[in-house]
Each structure stands twice: as C-alpha cells, then as structure tokens.
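Reader: Hi! Could you walk me through this model?

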Amino acid sequence: MPETSPALECRQLVKTFGRPAVDRLDLTVRAGEFYALLGPNGAGKSTTLRMVAGLLPADSGEIRIFGVDARRRPLDAKRIVAWVPDEPQLYDKLDPMEYLEFVAGLWEVPAGAARARAEALLRQLDLWDVRRERCEGFSRGMKQKVALAGALIHEPRLLMLDEPLTGLDAGAARLVKDLLTARVREGATIILTTHILEVAERICDRIGILARGRLIAEGTMAELRAAGGGADGASLEDLFLDITRTPKERAA
Amino acid sequence: MRRPAQGFRRLLALDLTLGARAFWALLGARSHRFRFALAASVILGLHGLALAPALWVGRAEDGPEGAALVTAAARSGAVFILPWTVASTMTAVTRMLFQRGDLDLLLSSPVRARDVVAARLLMQAFEAVASVGLLLLPFAHMSALLGRPHWLALYPALAAAGLFGAGLGFALALGLFHAVGPQRARVVSQIGATVVGASAVIAAQLVAMLPDAWREALYARLGADAGAGWTKILEIPERAALGDGVALALWLGAGALAFALACLGLGGPFVAAAMASAGAPAAANRGGAHGAFARGLGAAMRRKEHRLLWRDPWLLSQMLLQTLYTLPVGIILWRHGGVTGTAAVAFGPTLAVVAGQLSGALAWVALSAEDAPEFLATAPATRGQIERAKLAAIALPVALAMSPAWAALLWAAPRAGAAALLCALGASASGALLMLWRQAPARRGMVLRRHSQSKLVALGEHWLSLLWAAAAGMAALGSLACLAPIGLAALTLALVRPARRPARLGRRVPAQGLRAC
C-alpha cells in the first residue's frame with residue numbers, strides 16, 4: 001500500500017434519508033493527521049463517519065481508506081479502521097479486560113500481543129483497578145474510556161471518534177486527549193467530531209466544517225481565519241458561528 | 001394542602017394509562033376503530049371457545065362425581081394461579097429495583113413511599129390476574145348465561161388472588177433482597193421467582209418420582225375431604241372460586257390484609273432496598289488474573305456469549321426451569337431401568353419440544369438481543385461469520401441443559417432414544433434457524449416476552465416444535481411416518497427463510513425494545 005494514499009478520501013458521497021444528509025461530499029484526510037469534523041446538529045458528521053465505518057450504505061460516491069475501496073472491499077477497510085460512537089456500545093456483563101479480549105478476537109489480534117496491549121491500555125486510561133469489574137456499574141465517562149481502549153487494541157491506522165469527550169471529567173478528558181495525540185505522533189490518523197470547539201482548536205491539525213451535508217470550510221486555524229476574514233485572535237467558536245450561519249441569518 | 005391519597009391515585013392513574021397504551025400497542029399500529037374491532041373479536045372468540053368447557057362443567061356438576069370433579073378443577077387452578085401471581089410480583093419488584101425506570105423520580109418526589117408501593121403493587125396484581133382472567137372469565141360468563149351464576153365468584157376470587165399474591169411476592173422479593181444483599185439479590189430473586197412460578201409443575205414431577213405406595217398415600221390424603229385442621233385453610237381459595245360465600249369473604253379478607261400489610265409495613269424497607277440497589281457496586285468477576293486471551297473470532301465469540309449467558313439472571317432462571325422440567329424425566333427413566341419403547345414414545349416428544357424452545361430462546365438472545373450490533377458491524381468479519389460463531393456458541397449450553405435427560409433416554413431405550421435424540425437435534429436446529437432468519441432487534445431483558453414480538457415467529461416456533469415432537473414419537477415407534485412431520489418442518493423452514501438478507505449487521509434497538517406485530 002503506498003504511504004502517499006490519504007487516510008480517508010470521500011468523493012461525491014451521497015446519503016439521503018428523505019432529504020440529503022450527506023450531499024456530494026468531497027473530503028480528504030491525510031495520513032498521520034488529527035482532523036476535526038465540525039458542524040451544527042444534523043450537518044451530516046455522524047452519517048459520514050457511519051458510512052466510512054461500514055455501518056451505513058452510501059447511496060453513491062466513493063470511500064477510500066488508505067487506498068482501499070471501502071464500498072467494494074469492506075472487510076479489508078474494516079481491518080484498519082476503528083470507530084467509537086458517541087454512545088459507547090459495551091456489554092454490561094463483561095469486565096474491561098474481557099471486552100478487550102473479545103474485540104481483539106474480532107480483529108484477529110494474536111492472543112499474546114492482545115493481552116499485552118490490553119494491559120497497557122487499561123493502565124494508560126486509568127482503568128487498571130477496575131479491570132475485573134463489570135461495565136454495568138461504570139459511569140458514562142468510564143464506559144467511554146473502555147470503548148476507546150477497545151478501538152485502540154487492534155492498532156487501527158484510522159481512528160474515528162464521535163464526540164469522544166462527552167461525559168468525561170477534566171482529568172479523564174486530559175488523559176484521552178494526551179493518548180490520542182500520542183497515537184497521532186506514532187503515525188495513526190484520527191478524525192473526531194466534537195461540539196467542544198476548544199478541543200478541536202487546541203489539538204487538531206486541520207478542521208473541516210460541514211453544513212447541510214457538504215464541506216463548507218476546511219483548513220488549519222490560520223487558514224480558516226484567513227478565509228473567514230476574522231481577526232488574528234478570532235476563536236474557532238467565532239469562526240464556526242460565522243461560517244455556519246444560514247443565508248437567512250446573514251441577511252437578518 | 002395535598003391530601004395523602006392524592007399521590008396514590010395519580011400514580012395508579014398513570015400506571016393504568018401506560019398499561020392501556022401498552023395493550024393497544026400490542027394490537028398493532030392501526031386505527032382505533034381497527035383496534036376496537038380486533039379486541040372485540042378476540043373477546044367474542046374467547047367466549048365462543050369457553051362455551052364448550054362451560055357446557056361440559058355444567059353437565060359434570062350435575063353428575064354423581066360432579067362436586068369432586070369441580071373441586072379438583074378449582075384446586076388445580078388455585079395451585080397454578082397463586083404461585084403465578086407471587087412469582088410475577090417477585091419478578092416485577094426485582095425489575096423495579098434494578099432497572100429503576102421512574103423509581104428515582106418517584107422516590108425524590110414528596111409522594112409517600114407507601115403510596116408508591118400501593119399503586120405499583122395494585123397495578124402488578126391487576127396485570128397478574130388479568131392474563132389469567134382473560135381465559136377464565138369468559139368461562140364464568142358463559143356458565144352464568146347457562147344458569148350457573150355462582151361461577152361469577154371467579155371475579156372476586158381472582159381479585160383476592162391478585163392482592164394476596166402481590167403482597168406475598170413483594171414480601172418475598174424484599175426478604176430475599178435483605179437476606180442475600182443487593183449484589184446477589186437480582187439473580188437469587190429471579191431464580192426464586194421462576195421456581196415459585198413453576199412450583200406446581202415441579203411438585204407434580206417430584207410426586208411422579210415417589211415410590212408407588214407413597215404416591216398413593218399422598219393422593220389419598222390430598223383427595224380426602226380434609227375435615228379439620230390446617231388443610232381446611234388451604235381449601236379457602238378453591239371454595240371461594242366455587243362461590244362459597246364464607247370462603248369468599250375470608251379469601252377477600254386475606255388478600256386485602258396481605259396487600260395492606262405489604263403496603264403499610266414494607267414501604268420503608270422498599271425505599272431502603274431501592275437506595276441500596278442504586279448504590280450497589282457492580283459485580284466483580286471472580287479470580288484475580290485473567291487467563292489467556294481467546295484466539296480468533298470463533299473462540300472470542302464463544303467466550304463472550306457464554307459469559308453473557310452465565311451472567312444473565314433472566315436466562316439462568318429460564319434454563320434452570322427447562323432443566324428442572326427435564327431432570328425428573330431422566331430420573332424416572334433411570335429408576336425404571338430397561339424401560340420399553342413406551343417411555344421413549346412418551347418422553348422423546350417432550351425432549352424435542354424442550355430442546356427446540358431452549359435453542360430458540362438462546363438463539364434469540366444471541367442474535368436479536370445483541371447488545372452492540374453496530375459495533376459488531378464495524379468488525380472485519382461478514383455477517384455470516386458472526387452469526388455462525390454465535391450459533392456455535394449457544395450449542396454448548398443447549399447440549400449441557402439437555403444431556404442428563406438425553407443420556408437417560410439413550411441408556412434406557414437405545415434405539416428409540418437415538419431416534420428421539422435426532423429429532424431433538426432437529427428441533428434445536430429448527431429453533432435456531434428460525435431465530436436466525438427472523439431477527440428483530442430487542443433488549444436481552446425481553447427474552448421472556450419474545451413471543452409478543454412477532455406472532456408469526458412465535459407461531460412458527462411452536463409449530464416446528466410440534467412437528468419435531470410428532471416425528472420423535474413416531475420414530476420411537478419405529479414408524480417411517482416420522483418422515484412426514486420432518487418433511488413438513490423442512491418445508492416450513494424453507495418458507496420462513498428470507499430470499500435475501502442484508503449483508504451487514506447493525507440495527508438500533510427500537511426505543512421500546514419490542515415492536516408490536
């Protein structure tokens with residue numbers, strides 16, 4: 001696989017639920033990039049990620065993950081992708097270690113390596129002391145961390161996270177952010193959606209803004225400021241609100 | 001100033017409204033007129049079906065053995081209905097404590113705990129007897145129309161049974177909770193409820209295992225008109241159901257007393273249990289170190305499914321019940337050694353039905369009640385690979401639950417037993433395939449009510465079990481006619497199999513967990 005392939009390449013991607021949810025979307029995320037996909041509610045962020053993860057069939061268009069055509073070769077694509085939804089999908093009656101064992105088995109990670117990775121992840125995410133407790137008693141934040149550990153155990157090349165910091169306290173949020181940035185430094189590619197714009201501004205390399213299923217702005221913070229005509233000190237929140245205003249709102 | 005009873009009335013009204021909506025939803029998402037017509041048709045149909053038993057009982061009552069027959073019928077009804085109301089209340093209270101629902105809202109409101117308990121218990125009592133009343137009351141109406149109005153006493157007798165069972169079940173559930181602690185209470189209470197609910201069937205099986213002389217003595221004792229002593233008290237419910245005025249008054253009094261004592265005396269302990277269950281630490285898995293990780297998809301799926309099954313109290317209680325049903329069969333065969341083909345004819349079909357139902361239930365849990373379907377859909381495995389791994393995982397618990405009875409049957413009557421075993425395997429495979437091809441997402445906790453999810457699938461499950469049972473009986477007799485029901489089962493499966501299934505897994509469970517069909 002040539003390393004020059006983008007981590008994710010969507011071309012003219014369309015998904016319609018009565019009305020267009022994703023509308024001829026063109027999106028490219030480079031390998032090794034920390035990319036934030038932002039947008040107002042209903043902009044098409046989660047729908048896009050779900051199509052890339054293989055959970056939703058696209059109506060039309062192309063999805064390539066590190067050059068692999070995800071619509072034609074979904075299993076090859078899934079081997080190198082992980083997806084963490086906003087609502088963690090866990091098994092209440094399993095403990096974190098058992099959950100990681102199950103996930104590693106699904107991705108056919110060799111048992112010895114999987115065990116070592118599981119121990120390292122549980123320690124990194126401060127879950128080691130509860131590794132034998134069933135997930136049913138966990139807070140939302142702890143569940144989110146277990147789901148993240150599950151996503152990382154097969155060392156995906158592309159990690160997609162839908163609102164990963166929801167429900168985390170300040171300490172846990174810092175832990176997760178540090179872990180994610182470390183993964184990017186090690187060569188992984190991460191795409192996250194978030195409504196906490198400060199997080200995107202501080203840790204992401206590039207930011208894409210979706211509205212009505214289309215990418216309406218993209219770039220680094222500096223590029224977005226320049227494109228939006230904002231002052232040097234304009235925050236992402238200012239830029240986001242300005243960019244996503246509807247024509248009606250602008251006219252008002 | 002708020003009147004004390006206001007909270008009770010409002011809660012009861014709310015529960016009645018929600019109960020009515022759930023009932024309407026069961027009739028399908030069609031117009032009100034259609035639902036009314038459907039409900040009326042069902043009620044009329046039940047009355048039509050009740051005409052024959054009402055005529056038969058009427059004639060029997062006039063006969064020489066009439067009193068004994070009717071008493072036996074009422075006694076049988078009582079020994080099934082009372083445990084049922086107690087067990088369903090135990091289950092409901094456990095569910096209320098652990099699934100919570102609106103419990104936190106209610107307990108944080110200024111409504112008195114006894115009002116919360118009274119409203120919920122009254123609704124529970126109503127639901128428990130309503131399901132029985134749906135079958136019994138049409139019989140009472142038809143009997144009354146045929147000139148035997150004393151059968152209308154079933155109304156107050158059932159109401160008293162509901163109140164008595166709700167009070168007793170509530171006390172038992174809380175007693176168990178306090179005896180074993182919040183961590184174990186859920187499992188223990190649900191298994192306890194299953195055993196109580198099936199107590200009549202289990203007792204009948206155990207009696208069948210007694211030596212002949214003991215059994216005869218027991219029958220003589222039970223059949224005798226207990227002239228005095230404590231056994232007289234046990235007759236009150238059946239005499240109430242038969243319209244004995246004094247017994248009816250006593251039975252209603254007992255029901256009201258049990259209900260009132262539960263509400264007045266156990267409101268505080270219920271609140272304490274609710275708080276303890278909310279703050280209970282999650283169960284920890286035993287054993288300090290985790291063993292070696294599973295290798296590959298199949299092993300990982302088997303381990304996961306086995307762990308989830310083993311830790312699911314609902315399913316445990318169901319499997320316990322199935323095993324309790326089958327164990328006495330094995331013991332009887334063992335006791336009688338060298339039984340003839342007759343025993344295999346009798347028990348082969350039973351084992352086929354139990355195997356089919358158990359396999360269907362476990363397949364439903366593994367396939368339709370998957371907790372993380374979307375997560376599985378992101379794994380690099382095809383839908384077929386995942387589903388095959390799941391079905392392989394449930395084969396072991398089915399085999400374990402059934403093997404004592406299968407082994408006994410094979411030992412007692414090898415040839416007929418082998419035929420019965422093959423039919424039981426066929427029934428298991430049919431149950432699992434039906435659930436594979438007709439999946440409908442739901443939550444695991446709904447396993448006991450999975451048949452209300454789709455009437456068609458429920459009908460198919462029972463039909464396939466019956467076909468395999470018929471095949472097992474004929475095969476045990478050595479008749480080639482057994483091929484006919486087997487062929488019909490194969491044809492049914494061929495008809496049920498969808499022409500095309502979506503390649504990807506991953507469906508969200510609807511908000512209500514079950515879809516009315």
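Author: Happy to; we can take the overall build of chain A, then a helix pair, then the contact with chain B. This is a predicted model, where local features need pLDDT of at least 70, side-chain atom pairs count only at pLDDT 80 or more, and totals for chains, interfaces and linings use all residues. Residues are numbered from 1 along each chain as its sequence is written, with chains lettered from A and ligands numbered from 1 in the order in which they are written.

Reader: How many helices and strands does chain A have?

Author: Chain A has 10 helices and 10 strands (DSSP runs, H or I of at least four residues and E of at least two, numbered from the N terminus).

Reader: And what angle do α3(A) and α4(A) pack at?

Author: About 135°, with the axes of α3 (residues 96-106) and α4 (residues 111-124) of chain A 10 Å apart. Axes are lines fitted to C-alpha atoms, for helices over the stretch in contact, and angles run from 0 to 180 degrees between N-to-C directions.

Reader: Which residues meet there?

Author: P96(A), M97(A), L100(A), E101(A) and A104(A) in α3(A) meet A114(A), A118(A) and L122(A) in α4(A); contact means C-beta atoms, placed from the backbone, within 7 Å.

Reader: Switching to chain B: how many residues of chain A are in contact with it?

Author: 31 residues of chain A, with 30 residues of chain B on the other side. On the chain A side, α2 (74-79), α3 and α4 each give two or more residues, and α3(A) gives the most, with seven.

Reader: Nice. What box does chain A fill?

Author: Its C-alpha atoms fill roughly 60 × 40 × 35 Å, taken along the principal axes.

Key
Contact = placed C-beta atoms within 7 Å.
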